Amino acid sequence: MIRPARLEELGALTDLMHRSKAHWGYDEDFMTAARAVLQLSPQDVTTGQLVVVASAEKDVPLGLCKLEIEGRIAYIDKLFVAPEGMGKGVGRDLMIWAINSARTARATHIEIEADPDAAPFYERMGAREIGRVPSEAIAGRTLPLMRIDLSDLAAGGLGSI
């Protein structure tokens, strides 16, 4: 189930992002730096931003996505899946939501500053690397900049993926 994020779950969603990032085996110094940018603010949830949660039974969050739309470009600012939700279609469901939301807003493409470990997932979802961008958290580190051209995907969603 995909639903809007709620103010009272910001702590749990921040924890979800930290656990998701740590799943990839980053050391404590890296995680300390990453925690500074892996947060959601009350404004993210209360000002009409597009922040959604994927949840399962008992409404426990298994993933989240924050989508920002500026004109014809949509940006996946955050997309995280809890370790216990990985490999269960949670990320795919969030991507379908992001693609459909971007289309509804008449965006032509979605851009993602991807963690290198997440790049293969985004490629499976139809993205391609178009460059590299500096990391917000780690000086000297670059991240793949990925793009999904919405016109390349089947009109109903992710097509044959």
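Which residues are buried in helix α2 (residues 28–35)? The close-up views below, taken from a predicted model, begin with that helix and then turn to S135 and D149.

**View 1. The buried residues of helix α2.** Within helix α2, which runs over residues 28–35, the buried residues are F30, M31 and A34. When the helix is seen down its axis, the buried residues of α2 fall within an arc of 95°, and they therefore line one face of the helix. Helix α1, spanning residues 10–22, is included in what covers these buried residues of α2.

**View 2. The start of helix α2.** Where α2 begins, D27 extends a side-chain oxygen to within 3.2 Å of the backbone nitrogen of D29.

**View 3. S135 in the loop between β6 and β7.** The loop that holds S135 lies between strand β6, covering residues 128–134, and strand β7, covering residues 142–149. With a relative accessibility of 15%, S135 counts as buried, because the cut-off for that class is under 20%. Leaving aside residues up to four places away in sequence, S135 touches R141, T142 and L143. A separate relation links this residue to T32: the two are 103 residues apart in sequence, while their C-alpha atoms are 14 Å apart in space.

**View 4. Backbone nitrogens reached by the side chain of S135.** The side chain of S135 reaches the backbone nitrogen of A137 at 3.1 Å, and the side chain of S135 also reaches the backbone nitrogen of I138, at 3.1 Å.

**View 5. D149 in strand β7 and its contacts.** D149 has its place in strand β7, where its relative accessible area of 19% puts D149 in the buried class, since that class takes values under 20%. When residues up to four places away in sequence are not counted, the residues that D149 touches are T108, H109 and R128. For R128, the side chain is joined to the side chain of D149 by a polar contact of 3.1 Å.

How values were computed. Residues are numbered from 1 along each chain as its sequence is written. This is a predicted model: local features need pLDDT of at least 70, side-chain atom pairs count only at pLDDT 80 or more; totals for chains, interfaces and linings use all residues. Side-chain values use heavy atoms; hydrogens and water are left out. Buried means under 20% relative accessible area, exposed over 50%, partly exposed in between (1.4 Å probe, protein chains only). Helices (H or I, at least four residues) and strands (E, at least two) are DSSP runs, numbered from the N terminus. The arc is that of the directions from the helix axis to the C-beta atoms. Contact means heavy atoms within 4.5 Å. A polar contact is a pair of N or O atoms within 3.5 Å; within protein, one must be able to donate a hydrogen and the other to accept it, and residues adjacent in sequence count only if both atoms are side-chain atoms.
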